[in-house]
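Visitor: Hi! Could you walk me through this one?
Guide: Happy to. Here it is.

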Amino acid sequence: MDQTRLPREVVYRECHDERAVWEAIKTLQVRGAPAIGIAAAYGVCLGIKSAPDDEQAFFQRLDEVASYLASSRPTAVNLFWALDRMRRRAETLRGQPLDLIRKALLEEVRAIHEEDRALCHAIGRWGESLIEDRSGILTHCNAGGLATAEYGTALAVIYEAVAKGKRVHVFADETRPLLQGARLTAWELKAHGIPVTLICDNMAAEVMKEGKVQAVIVGADRIAANGDTANKIGTYGLAILARYHRIPFYVAAPSSTFDLQLSHGGLIPIEQRDPREVTSPFGIPIAPEGIDVYNPAFDVTPAELITAIICEKGVIRPVNKETIAAILGRALAG
Ligand code: MRU
């Protein structure tokens, strides 16, 4: 689904080669950490369709395609995780007929896709227990079904709480500059019949002060070994506001979003995007021509501001290196 066209129209775009997939990721037609990992892995299958029938050249082409797709966006680690998984699967089959390797890679991406569905539902089940009946929940950007294989991460928690009969009211931050909250989260929740109120990003503090928010739940693009979490720009500010107002701040993400190679969030690469997204959102000029712009797509919330991280294996609380290693160790074992 081309997410840049939402909420005006539901349009599907077919990608027939890796270039189309790269462009779809770069331009946010497909977006959200798990979804871009899945899309990129399908991109690998498209890219090796025309690979030469010689093993060395085939593997070289596979490498080129994976590196090319990895260059689309730098922050969400799910992208690199999925591409690495495809590469590793191919490596285990070296020496086998190339058609068999192609088939195995298609099976691999289908497995990644299916697993993500299951992970999201598991996140929903764990997270639901943290939500009280009659809660106001604030979320940022879109961490819903649109951003994953299905169901979402932060929104999975909300869907599951509603499925359990809890009454919730969601406040969706519009999420400047690209309005994923207004265009996508509001659309998605409305489609599911979940009560949602759209607010501008700068209204979050007031809504909290008025006592309308009992929990903040967001997704993640990359979580460092110590729990520092990169997510859509504005998330860090929300975490500070939540701490001041004594509101729990939850991050919901699958284990594929953790990057245990990075000891802390300062090492997470942050994507800088085109200034025109700020000066001319959706083609409408709103700032003086030539104005200087800073447009980081993500920020990093320190672990100490995160009440808990909800992943498919359980709730990590408190958030630190040890508790993360313990849960992810379990994830690897189980
Ligand atoms: O730039 P985007 O729209 O890809 O940013 C997405 C987010 O920040 C999401 O919160 C994150 O990827 C989690 S999606 C389950």
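Guide: A quick definition to begin: helices here are DSSP runs of H or I with at least four residues, numbered from the N terminus. Also, this is a predicted model.

Visitor: Thanks. Which helix does A33 lie in?
Guide: A33 belongs to helix α2, which covers residues 33-47.

Visitor: Is A33 buried or exposed?
Guide: Buried, because A33 has 27 C-beta neighbours inside 10 Å, and 20 or more is the cut-off for that label.

Visitor: What is A33 in contact with, leaving aside neighbours within four places in sequence?
Guide: The contacts of A33 include A76, N78, G219 and D221.

Visitor: And how many residues of α2 are buried?
Guide: 14 of the 15, so α2 is largely enclosed by the rest of the structure. Its end C-alpha atoms are 21 Å apart, which agrees with the 21 Å expected at 1.5 Å a residue.

Visitor: What does UniProt list for "binding site"?
Guide: The unreviewed entry lists several positions, among them A33, R73 and N231.

Visitor: Where is R73 found?
Guide: In the loop between α3 (55-70) and α4 (77-92). R73 counts as buried because it has 22 C-beta neighbours inside 10 Å. Beyond four places away in sequence, R73 touches I25, K26, I36, L79 and E271.

Visitor: Switching to strands, what order does the open sheet of four have?
Guide: The order is β8-β5-β6-β9, with mixed pairing. At the edges are β8 (258-259) and β9 (298-301), each paired on one side only.

Visitor: In what sense do β6 and β9 pair?
Guide: Antiparallel, over four bridges. One bridge joins T229 to T301 in β9.

Note on methods
Residues are numbered from 1 along each chain as its sequence is written. This is a predicted model: local features need pLDDT of at least 70, side-chain atom pairs count only at pLDDT 80 or more; totals for chains, interfaces and linings use all residues. Two strands pair if DSSP finds at least two bridges between them. Helices (H or I, at least four residues) and strands (E, at least two) are DSSP runs, numbered from the N terminus. The expected span of a helix is 1.5 Å times one less than its number of residues. A residue is buried if 20 or more other C-beta atoms lie within 10 Å of its own, exposed if 12 or fewer, and partly exposed in between; C-beta atoms are placed from the backbone. UniProt positions are given in the numbering used here, feature names are shortened, and annotations may be inferred rather than shown by experiment. Two residues are in contact if their C-beta atoms, placed from the backbone, lie within 7 Å.
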